[in-house]
Structure formats: structure tokens, C-alpha cells
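Subject: Structure handover

Hello,

Here is the structure I promised to pass on. My notes follow below it.

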Amino acid sequence: MRILVTGGAGYIGSHTVAELVAHGHEVTVVDNLRQGHREALRPFPSVAFHELSLQDESQMVELMRSRGIEAVVHFAASSLVGESVQKPLAYYRNNLCGTEHLLSAMVAAKVDRIVFSSTAAVYGEPSDIPILESSQKQPTNPYGETKLGIERMLHWSSAAYGVRSASLRYFNAAGAHPSVPIGEDHNPETHLIPLVLQAALGQREAISVFGTDYGTADGTCIRDYIHVCDLATAHRLALEWLETASGAHAFNLGNGSGFSVKQVIDASRKVTGRSIAVREVERRAGDPAVLVASPAMAEQTLGWRRDYTNLEAILETAWRWHESHPHGYSESLS
Ligand code: UFG
């Protein structure tokens with residue numbers, strides 16, 4: 001299949017490129033490199049890379065036509081929850097308007113299949129655990145709101161233009177590729193696992209634990225950590241499934257089991273063999289106590305199976321990446 005990946009130089013994007021290339025697909029990446037890393041595509045010489053913004057709609061149409069694109073995987077977005085609260089309009093512009101341009105270009109170029117990078121943040125504070133796709137959706141921040149808005153845009157685009165879509169709602173993406181030198185490198189880094197591993201490397205004095213008074217067994221928040229390569233597999237399966245499926249669909253992508261912040265830190269001590277100092281601080285605004293997915297629908301409909309169901313196995317791959325790239329991709333520049 002000839003596939004266009006937007007945001008393919010980012011964390012989940014580059015791992016999905018690895019999966020698609022390994023399965024013989026012809027991949028074109030567009031990324032404006034505001035958050036993505038050109039070096040993340042270096043291991044894939046067959047990939048055609050274009051530094052382009054989705055807002056350049058006519059260039060996107062031209063690219064889709066000239067490359068004979070058959071399907072799109074759409075990652076390009078701003079994705080920091082805290083920043084979205086500070087700059088909601090920037091999130092609406094980049095995420096919602098960017099996707100509107102992308103979909104308009106797809107309609108013009110007659111590309112009718114899209115796999116969209118959605119998020120557990122569409123649910124907000126969940127009413128039930130595990131979370132089902134049909135659970136109540138009430139985002140508590142502009143980031144989740146824009147992703148839910150895009151899911152709705154896909155729904156209406158299905159009816160009006162015949163665009164077929166799968167929105168994949170990721171829980172907590174973690175880990176790194178086991179054999180290709182790609183991994184997580186955000187600036188600023190806000191996610192728990194890379195920050196814990198930076199503390200293990202001695203790059204930060206301690207890891208701050210945001211809140212120890214939640215109604216969970218050890219008082220810290222519980223999340224469903226899912227390996228980035230398992231996410232990548234789900235994107236490939238969704239693309240293949242959309243060859244015959246019509247309509248707009250959504251799937252949760254998680255392991256279906258939760259780990260607390262303290263459990264993640266303990267497991268990281270074990271995996272790294274290093275001491276990791278902890279500082280207990282106030283809750284971070286907007287953090288739900290527990291987020292755990294039901295992955296049953298993706299299993300049943302897409303035939304999705306995970307290679308990494310064990311937290312320590314996920315952490316081991318992340319640790320190998322951080323230990324070998326303590327400054328992320330900037331290492332590869334020298
Ligand atoms: N945490 C800490 N200390 C830190 C960083 C995080 O204690 O320094 C805690 C958070 O409070 C949270 C857990 O670790 O309980 C995980 O936090 P992350 O920031 O790693 O991930 P989130 O669960 O906040 O965010 C993830 C995705 C978002 C998505 C969100 C859905 O990264 O894209 O789930 O709520 F929007």
C-alpha cells in the first residue's frame with residue numbers, strides 16, 4: 001500500500017513508519033519538524049520525506065497525487081495537555097484546522113482511508129473502568145477536546161465524502177523499538193517514564209510524584225502503559241482492515257491493566273539497577289485517578305495482539321534507548 005504518514009518523524013509516528021516499512025508498504029512522510037526529528041527517519045532510506053505543514057493544502061493535494069497515495073496515517077498534532085490549557089487557540093488551529101486541511105486535500109486527491117491518532121484524553125474523568133469505546137466522553141482539556149472534535153469531523157466526512165476512518169485512542173504510550181535506533185525524545189519532556197529514566201541516569205535529581213492522596217491502593221495515579229511498537233502494529237492492522245470496512249470507527253489501544261506511579265518507579269529501579277530519588281508533590285491539575293482501557297474491540301475487530309504485556313519488558317526497551325541516547329536524537333547529530 002502507498003501510505004502517507006503525517007507527523008511521521010515523531011515518537012509514535014516513527015515507530016509506525018518502522019512497522020509499515022517492515023511489512024513492505026511504500027511510505028511517504030510529511031512533518032513540519034516542530035516536534036519531530038529528521039534523525040528518527042534515518043534508519044528508513046526508502047521513506048520519502050517532505051518538510052511540509054498540513055496547512056499547505058495545495059501542496060498536500062499535489063503530493064498525494066504524485067505519490068499515488070492510497071491511505072493516510074495522521075499523527076501530526078500538538079499533544080501536550082498542560083500547554084493546551086495555556087494556549088487553547090493554538091491547539092484548535094494546529095489540530096482541528098490542520099486536520100480540516102488534510103481531509104480537504106484527501107477529498108480533492110480522492111484518498112478515502114485514514115487512521116487517526118486519538119487519545120484516552122477524549123474520555124476525561126472516566127465513569128467506568130475499564131474504559132469502553134462507548135464510555136462517556138467529556139474531555140477536561142483543549143487537547144482532548146480537539147482530538148474528539150477531529151473524531152466527529154471524521155464521522156461527518158464518512159457520511160458526506162465516503163472517507164473511511166479508524167480513530168485509535170492511545171492510553172500511555174511507552175518504550176522504544178527493540179532493534180531500530182528510535183525512541184522517545186520530547187522537548188520539553190513531561191511524561192512519567194522518560195523522566196524516571198532521566199533520574200536513573202543522574203540527569204535529574206529526583207522524580208516528582210504528582211499527588212499521593214488519590215483513592216488508589218498506594219495513593220498515586222494509575223495508568224495503562226502500552227508499548228509503542230504494539231501501537232504501531234495496531235495502525236498497520238487498522239489500515240489493512242479499512243481496505244474493506246466503511247464508516248468511521250474508534251478503538252481503544254491499551255493493555256487493559258493499570259500501574260501506579262509508584263509501581264512504575266519501583267519497576268524502573270529494578271530494570272535499571274539504579275537508585276531513583278522521589279519527591280512527593282501536589283497533584284497535577286486535570287489528572288484523572290485511574291485510566292485503564294478495555295482493548296477488547298481492537299482485539300476482536302482488528303485481530304490486535306500485544307508483544308509487550310509486562311511493564312518491566314516495556315521499561316527495558318525504554319531504558320536501552322535512554323541509556324544509549326541520553327540526549328535523545330541530538331546525539332546522532334555529532
Ligand atoms: N507523573 C508524575 N510525575 C511526573 C510526570 C507524570 O507523577 O513528573 C504522573 C502523572 O500525574 C500521571 C502519570 O504520571 O498520573 C502519567 O503521566 P504522563 O504525563 O506520563 O501521562 P498522562 O497520563 O498524563 O498522559 C497520557 C498521554 C496524553 C493523554 C493522556 C490522557 O501522554 O497524551 O494520557 O489523559 F492526553
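Leu41 counts as buried, at 3% relative accessibility. The cut-offs for that word: buried is under 20% relative accessible area, exposed is over 50%, and partly exposed is in between, with a 1.4 Å probe and protein chains only. Leu41 lies in the loop between β2 and β3. Its C-alpha atom is separated by 6.7 Å from that of Ser14, 27 residues apart along the chain.

Some ground rules. This is a predicted model, in which local features need pLDDT of at least 70, side-chain atom pairs count only at pLDDT 80 or more, and totals for chains, interfaces and linings use all residues. Residues are numbered from 1 along each chain as its sequence is written, and side-chain values use heavy atoms, with hydrogens and water left out. Element names follow DSSP runs, numbered from the N terminus: helices are H or I with at least four residues, strands are E with at least two.

Backbone oddities

Leu33 lies in the loop between β2 and β3 (48-51). Its phi is near 60°, a positive value in a residue other than glycine. Leu33 counts as partly exposed because its relative accessibility is 24%.

Lys110 also has a positive phi, about 60°, and is not a glycine. Lys110 sits in the loop between α4 (88-109) and β5. Lys110 is exposed, with a relative accessible area of 73%.

Two peptide bonds are worth a look. The bond from Ile129 to Pro130 is cis, with omega near -5°. Pro130 is in the loop between β5 and α5 (142-161). The bond from Asn187 to Pro188 is cis too, with omega near 5°. Pro188 belongs to the loop between β7 (172-174) and α6.

The ligand

The ligand is surrounded by 20 residues, where near means that a heavy atom of the residue lies within 4 Å. The closest are Leu192, Ser208, Arg223, Arg284 and Asp287.

Which side chains place an N or O atom 2.7 Å from a ligand oxygen? Arg223 does, and so does Arg284. A polar side-chain atom of Asn172 lies 2.9 Å from an oxygen atom of the ligand. The cut-off for a polar contact is a pair of N or O atoms within 3.5 Å; within protein, one must be able to donate a hydrogen and the other to accept it, and residues adjacent in sequence count only if both atoms are side-chain atoms.

On its own, the ligand has 690 Å² of accessible area, and the protein covers 90% of it. Areas come from the Shrake-Rupley method with a 1.4 Å probe; for residues, only the protein chains shown count as cover. The elements that give two or more residues to the shell are α6 (192-200) and β8 (207-210). The largest share, 4 residues, comes from β8.

By class, the shell has 12 nonpolar, 5 polar and 3 charged residues. Here Ala, Val, Leu, Ile, Met, Phe, Trp, Tyr, Cys and Pro count as nonpolar, Asp, Glu, Lys and Arg as charged, and the others, Gly among them, as polar.

Strands

In β5 (residues 113-119), 7 of the 7 residues are buried, so the strand is largely enclosed by the rest of the structure. Arg113, Val115, Ser117 and Thr119 point one way; Ile114, Phe116 and Ser118 point the other way.

Strands pair if DSSP finds at least two bridges between them. β4 and β5 pair in the parallel sense over 3 bridges. Val72 stands opposite Ile114 in β5. β5 and β6 also run parallel, joined by 7 bridges. There, Val115 stands opposite Ala166 in β6.

An open sheet of 3 strands has the order β12-β9-β14, with mixed pairing. Its edge strands, β12 (259-260) and β14 (290-291), each pair on one side only. β9 (residues 222-223) runs parallel to β14, over 2 bridges. Ile222 has Val290 in β14 as its bridge partner.

The core

How many residues are in the largest nonpolar core? It has 42, and Val5, Val17, Val29, Phe44, Leu168 and Leu253 touch the most other members. Such a core is a set of buried Ala, Val, Leu, Ile, Met, Phe, Trp, Tyr and Cys residues joined through side-chain atoms within 4.5 Å. α7 gives the largest share, 7 residues.

Best wishes
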